[in-house]
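Please examine the structure shown below. The questions that follow ask why certain terms are applied to it, and the answers set each value against the rule behind the term.

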Amino acid sequence: MPDPLSPVVLSASVMTHPRRGASARRVLDSLGIPGAALAVDPEPGGPPSTLRASCLAFSRAERAESTHHLVVQDDVRVCADFPASVRRMVEKHPRAAIAFFVEWGSRTAHLARWAVFTGHGAVPVVNPYMPTLALVLPRDLAVGMGRFMASAGGRSDDRAALRFLRARGVPTLAAVPNLVEHEDSPSLKGNGDHGIRRSVCFAPTGADFGGTVLDPPPLLPFLRWNTGSAVAIDTDHDVPEAHRPVLEVLKEWGARPEWLRRDCAAHLGADSGPLFALWLTAVALGAVQERHWPGTVAPLRPRLDDPLVYTALATLAPGALRLFLDPDRLVARSDHLVPVLLTAMEHGAALAGGRA
């Protein structure tokens, strides 16, 4: 139900395809937003694409008497306190584009983990696309987005959305924690080869979104989910030719490769391949966190009983390695992997503090 004390009035659309009607209606019924409606792909026989349904979903804002319009896809599960949590986030950032889902293996996912660890309620989107699984915009921007999608070209609404928002100087944020979880349904645009894509830190009971927007560090360690390589990204100049191997960066910071391989073998049972890339990434994440937010790595171990802290660590391995190792088995091994990855981060923090 609408909150009479909130200045935020939500309208909503669920974008879908005719063959996914049952799933879409389930999502629609779960939103708890009056007047929410389905936006069904008007050319269901056309090439796989999210643009057509997205265009219709955002355009629905034109008919609504709302301040903000929310578009969700038909393969999500929302938190228990969804409308109120969305309004709380929008109240803090009324002119931003806000995503309520961050895929567990993306660049922005690493920022979201740091936000959980350091007490921030949002992160800037640093992906080369805008997450559109659950996206809210001010009503006027939603109307403009719908018109833009009509002639955007391509097949990906997420990349088109980022172009639209960046061209207009709109802040692009992701809420931390996430308010929706991605179910394992086939992709509307044919991304089945991308593997399972779940939330980096889903909060099933909703969130208050305390804290501010996280300020990204100049260097972002990233394990490329599609290649299995660990790279360091310059957050001010994120182009492939500027990416550097994480091992090279750690060596510059004083780490010895033989020690890194020894420690990885001791904790993960391998000193090369995907698990070594995972270990390097976790070490680098700890080092960068300690450099940018001093003193925040050591308190994490006593906080592992916090579901969000645990989840943020538990999603790292399956999100990054989902094409190389069985993600369900990695999730099942979380009780082992979470403390191990925290150990790697602690090694990185010691390295940053000159104690390695």
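Q: What makes strand E11 largely enclosed by the rest of the structure?
A: In this predicted model, strand E11 covers residues 230-234, and 4 of its 5 residues are buried. A residue counts as buried when its relative accessible area is under 20%. Strand E11 is therefore largely enclosed by the rest of the structure.

Q: How do you know that strand E10 and E11 are paired, and in which sense do they run?
A: Pairing requires at least two bridges between two strands. Strand E10 (residues 219-223) is joined to E11 by 5 bridges, so the requirement is met, and the two run antiparallel. Within this pair, Leu 219 has Asp 234 of E11 as its bridge partner, while Leu 223 has Ala 230.

Q: What is found between the strands of the hairpin of E10 and E11?
A: There are 6 residues between the two strands, and Gly 228 in this hairpin takes a positive phi near 75 degrees.

Q: Why do E11 and strand E12 count as paired?
A: Strand E12 (residues 244-245) and E11 share 2 bridges in the antiparallel sense. The rule asks for at least two, so they count as a pair. Ala 232 has Arg 244 in E12 as its bridge partner.

Q: Which strands are called the edge strands of the open sheet E10-E11-E12?
A: The 3 strands of this sheet pair in the antiparallel sense. E10 and E12 are its edge strands, as each pairs on one side only. Helix H9 (residues 273-292) packs on the sheet and touches E10 and E11, its direction making about 160 degrees with that of E10. Helix H4 also lies across E10 and E11, running at about 115 degrees to E10.

Q: Why are H4 and H10 called roughly antiparallel?
A: Helix H4 (residues 107-118) and helix H10 (residues 307-314) pack at an angle of about 155 degrees, with their axes 9 Å apart. Angles over 145 degrees count as roughly antiparallel, so H4 is roughly antiparallel to H10. Their crossing is left-handed.

Q: Which residues make the contact of H4 with H10, and how do they divide?
A: H4 contributes Arg 113, Val 116 and Phe 117, and H10 contributes Leu 308, Val 309, Ala 312 and Leu 313. These residues divide into 6 nonpolar, no polar and 1 charged.

Q: What is the order of the open sheet formed by 7 strands, and why is one side of E2 and of E6 left without a neighbour?
A: The order is E2-E1-E3-E7-E5-E8-E6, and the pairing is mixed. Strand E2 (37-40) and strand E6 (122-124) stand at the edges with a single partner strand each, so one side of each has no neighbour in the sheet. On average, neighbouring strands of this sheet are turned by 25 degrees against each other, direction ignored.

Q: How do you know that E6 and strand E8 pair?
A: E6 and E8 (residues 172-175) have 3 bridges in the antiparallel sense, and the rule requires at least two. Pro 124 stands opposite Leu 173 in E8.

Q: Which helices lie across strands that include E1 and E8?
A: Helix H3 (residues 82-92) runs at about 115 degrees to E1. Helix H6 (residues 157-167) runs at about 125 degrees to E8.

Notes
Residues are numbered from 1 along each chain as its sequence is written. This is a predicted model: local features need pLDDT of at least 70, side-chain atom pairs count only at pLDDT 80 or more; totals for chains, interfaces and linings use all residues. Side-chain values use heavy atoms; hydrogens and water are left out. Buried means under 20% relative accessible area, exposed over 50%, partly exposed in between (1.4 Å probe, protein chains only). Helices (H or I, at least four residues) and strands (E, at least two) are DSSP runs, numbered from the N terminus. Axes are lines fitted to C-alpha atoms, for helices over the stretch in contact, and angles run from 0 to 180 degrees between N-to-C directions. Contact means heavy atoms within 4.5 Å. Angles under 35 degrees count as roughly parallel, over 145 as roughly antiparallel, 65 to 115 as roughly perpendicular and the rest as oblique. A crossing is left-handed if the near helix is turned anticlockwise from the far one by less than a right angle, and right-handed if clockwise. Ala, Val, Leu, Ile, Met, Phe, Trp, Tyr, Cys and Pro count as nonpolar, Asp, Glu, Lys and Arg as charged, and the others, Gly among them, as polar.
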